[in-house]
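Reader: I'm new to this one. Could you walk me through a few of its features?

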Amino acid sequence: MDPQALKAALGAGLLSFPVTPFGKDGNFNRAAYSDHVGWLSGFKASVLFAAGGTGEFFSLAPDEIPTIVSAAKAAAGDTPIVAGCGYGTRIAVQIAQSAEKAGADGILLLPHYLIEAPQDGMFQHIKAVCDAVSIGVMVYNRDNSILTAETLARLCDACPNLVGFKDGSGDIGLVRKITATMGERLTYLGGMPTAELFADAYLGAGVTTYSSAVFNFVPALAQDFYKALRAGDTAATNKLLIDFFYPFMNIRNRQKGYAVSAIKAGVRLLGFDAGSVRPPLTDLTEQEVAMLDDLIRPYRP
């Protein structure tokens with residue numbers, strides 16, 4: 001996909017990150033993934049992200065990523081597929097190139113591995129990934145990889161295929177400076193865990209879309225929330241926050257890593273063979289799964 005076409009697709013509606021199913025042997029379960037992605041594609045996400053954060057990118061070997069991307073492309077119909085990418089620069093370049101070869105329509109560059117870095121180092125890292133592929137690239141601001149507006153402006157000048165900025169920092173002041181500075185040069189994506197909890201604030205800062213993790217198992221509810229948000233229907237979004245998203249947050253917050261584990265549990269509750277999370281994450285307890293089952297019952301497709 002042409003980078004500018006991807007930029008338009010990213011801004012056209014709700015986005016999501018399918019979970020990555022693993023079989024009893026711990027390996028990628030392509031058949032289960034294809035079933036789930038094919039089902040999700042019927043709920044009109046604008047873009048799906050393969051092997052992203054909710055897809056346990058951090059637990060995947062680099063050579064697993066192109067296989068997952070290929071499976072997503074085959075199952076998603078016309079829905080564009082963006083691949084997760086990350087780690088150090090050389091590994092990130094290899095992942096980006098292998099994902100492009102596997103058919104990815106774009107790259108989401110997650111924070112580099114472990115260490116903090118100066119702005120010029122992050123500039124060189126991101127530029128190297130952008131230069132290595134012809135498809136569109138999005139950068140993800142969070143944790144140890146926080147770009148300033150000035151560095152992002154340099155990257156936009158140097159990298160024509162840099163088309164998106166995703167924020168998971170929660171620093172609304174920085175986000176607003178970036179959206180004010182860069183204007184329509186980029187598409188802006190909200191990337192906080194359970195993004196619906198922050199969607200109103202991010203919309204006010206110029207971020208018009210986000211990636212919904214709960215789309216994995218309650219896609220119609222996720223779309224209803226997004227449509228109400230964009231329509232300015234605060235009564236509807238408040239009701240969904242109170243009835244679903246805050247109770248879900250309470251389950252998610254019971255253990256570290258449940259922002260992913262709870263999503264995978266929800267997918268299993270819908271009957272998809274998603275398998276367990278890989279270490280270092282852990283699955284929900286039976287009690288917590290029952291709590292989640294009770295919560296999602298009114299919203300099952």
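Reader: Let's start with glutamate 56: is glutamate 56 buried or exposed?

Author: Keep in mind that this is a predicted model. The word buried is used for a relative accessible area under 20%. Glutamate 56 has 0%, so it counts as buried. You'll find it in the loop between strand 2 and helix 3. Its phi is near 60°, a positive value in a residue other than glycine.

Reader: And what about alanine 51, what is its phi?

Author: Alanine 51 has a positive phi too, about 55°, although it isn't a glycine. Alanine 51 sits in the loop between strand 2 (47–50) and helix 3 (65–75). With a relative accessible area of 0%, alanine 51 is buried.

Reader: How about tyrosine 113, buried or exposed?

Author: Exposed takes over 50%, and tyrosine 113 has 55% relative accessibility, so it makes the cut. Look for tyrosine 113 in the loop between strand 4 (106–109) and helix 5 (119–132). Together with Leu114 and Ile115, Tyr113 forms a nonpolar surface patch with about 390 Å² of accessible area.

Reader: How do I read a pair of helices, say helix 4 and helix 5?

Author: You describe two packed helices by the angle between their axes and the distance between the axes. Here the axes of helix 4 (residues 89–101) and helix 5 come within 9 Å and cross at roughly 25°. Angles under 35 degrees count as roughly parallel, so helix 4 is roughly parallel to helix 5. Their crossing is right-handed.

Reader: Which peptide bond is cis?

Author: Try the one from proline 279 to proline 280, with omega near 15°. Proline 280 lies in the loop between helix 11 (258–269) and helix 12 (286–296).

Notes: Residues are numbered from 1 along each chain as its sequence is written. This is a predicted model: local features need pLDDT of at least 70, side-chain atom pairs count only at pLDDT 80 or more; totals for chains, interfaces and linings use all residues. Side-chain values use heavy atoms; hydrogens and water are left out. Patches are made of residues with over 30% relative accessible area and no salt bridge: like charges are joined within 9 Å, nonpolar side chains (Val, Leu, Ile, Met, Phe, Trp, Tyr) within 5 Å. Accessible areas come from the Shrake-Rupley method with a 1.4 Å probe; for residues, only the protein chains shown count as cover. A salt bridge is a side-chain nitrogen of Lys or Arg within 4 Å of a carboxyl oxygen of Asp or Glu. Helices (H or I, at least four residues) and strands (E, at least two) are DSSP runs, numbered from the N terminus. Buried means under 20% relative accessible area, exposed over 50%, partly exposed in between (1.4 Å probe, protein chains only). Axes are lines fitted to C-alpha atoms, for helices over the stretch in contact, and angles run from 0 to 180 degrees between N-to-C directions. Angles under 35 degrees count as roughly parallel, over 145 as roughly antiparallel, 65 to 115 as roughly perpendicular and the rest as oblique. A crossing is left-handed if the near helix is turned anticlockwise from the far one by less than a right angle, and right-handed if clockwise.
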